[in-house]
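Me: I am new to this structure and would like a close look at one part of it. Please keep the sentences short.

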Amino acid sequence: MKNIGETVITVDHVSKDFKLYFDKGRSLKEKLLFWKRNRHEIREVLNDVSFTVKKGESIGLIGRNGCGKSTMLKMLTRIYYPNKGKIKVDGRVSSLIELGAGFHPDMTGRENIYINASIFGLSRKEIDKRVESIIDFSEIRDFIDNPVRTYSSGMYMRLAFAVAISVDADILLIDEILAVGDANFQAKCFNKLKELKAKGITIVLVSHSMKSITDFCDRCIWIEKGKIMGDGQTDEISSQYLRYMFEAQTYMSLNEQDRASVKSEVDRRNMLKK
């Protein structure tokens with residue numbers, strides 16, 4: 001059992017880049033005959049990023065699309081590995097990174113519960129004990145024995161979330177997936193996250209919803225162009241982020257999702273001041 005406040009995530013001078021090919025040959029023959037087509041550029045996504053997360057903290061990662069926050073979350077789950085630096089994660093990790101990741105489209109929802117939960121480290125007996133509660137939480141019992149390829153995106157999210165919160169993880173990583181689904185189920189998910197938070201589960205949340213970040217997270221890390229621009233109390237860092245968006249005159253250059261998020265949060269804060 002870990003002591004409260006013990007460091008469970010350490011990100012130490014981490015950098016990550018990707019090769020982006022302009023026209024990459026697919027076969028060995030193409031690569032040999034048309035070697036000039038293999039031109040590429042190196043795209044740096046994260047540059048010398050360091051931070052720590054303590055047991056029981058709820059951390060929000062914010063920033064514009066392409067800033068590197070989702071890449072960071074994938075490195076915490078070991079989907080990606082850093083080019084430089086080290087990442088240490090201490091404890092069982094459960095993650096909601098991509099909708100339906102780990103689900104087999106031709107298998108039923110029930111079968112995918114067993115597959116997905118086993119990936120997270122649960123035994124068959126442990127899954128047997130939890131499968132009914134997982135189905136109940138997902139609210140898709142009428143469809144649980146249908147192939148998941150027949151599911152809507154909201155049904156995918158319901159089932160994926162229900163599995164992820166049922167594995168007794170020490171650390172829960174979530175990337176924007178809660179934007180999928182109806183308002184009632186989103187509220188149910190955040191209430192469940194608050195329960196897990198109260199139990200001392202460490203949670204790292206990536207979201208464009210500044211309201212979700214400010215309502216749920218104790219601490220906020222703002223990433224801009226692959227570097228940490230701010231790390232501290234959520235209200236303070238989120239205010240810095242919103243102010244930056246306007247003062248740097250970048251608001252109109254943002255994509256529609258980022259603009260909507262900024263405008264919604266500014267409007268909400270203006271209402272609170274009245």
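Which residue follows α2, and what is its phi? Please go on from there through the helices that come after.

Reply: Keep in mind that this is a predicted model. Arg78 follows α2. Its phi is positive, near 65°.

Now α2 itself. This helix covers residues 69-76. Seven of its eight residues are buried, so the rest of the structure largely encloses it. Lys69, Thr71 and Met72 are among the buried ones. So are Leu73, Lys74, Met75 and Leu76.

Next come α3 and α4. Helix α3 spans residues 109-119, and α4 spans residues 124-138. The axes of α3 and α4 come within 10 Å and cross at roughly 130°. The two helices are therefore oblique to each other. The crossing is right-handed. From α3, the contact takes in Arg110, Ile113, Tyr114, Ala117 and Ser118. They meet Arg124, Ile127, Asp128, Val131, Glu132, Ile134 and Ile135 in α4. Seven residues of this contact are nonpolar, one is polar and four are charged.

Helix α4 also meets α5, which runs over residues 153-164. Here the axes come within 8 Å and cross at roughly 140°. That crossing makes α4 oblique to α5. α4 passes α5 in a right-handed crossing. On the α4 side, Ile134, Phe137 and Ser138 make the contact. On the α5 side, Arg158, Leu159, Phe161, Ala162 and Val163 do so. The residues of this contact divide into six nonpolar, one polar and one charged. Ile134 of α4 appears in the contact with α3 and in the contact with α5.

Definitions and conventions. Residues numbered from 1 in each chain as written. Predicted model: local features only at pLDDT ≥ 70, side-chain atom pairs only at ≥ 80, totals over all residues. Heavy atoms only, no water. Axes fitted to C-alpha atoms, helices over the stretch in contact; angles between N-to-C directions. Helix = DSSP H or I, 4+ residues; strand = E, 2+ residues; numbered from the N terminus. Parallel < 35°, antiparallel > 145°, perpendicular 65-115°, else oblique. Left-handed = near helix turned anticlockwise from the far one by under 90°. Contact = heavy atoms within 4.5 Å. Nonpolar A, V, L, I, M, F, W, Y, C, P; charged D, E, K, R; others polar. Buried < 20%, exposed > 50% of the residue type's maximum accessible area, 1.4 Å probe, protein only.
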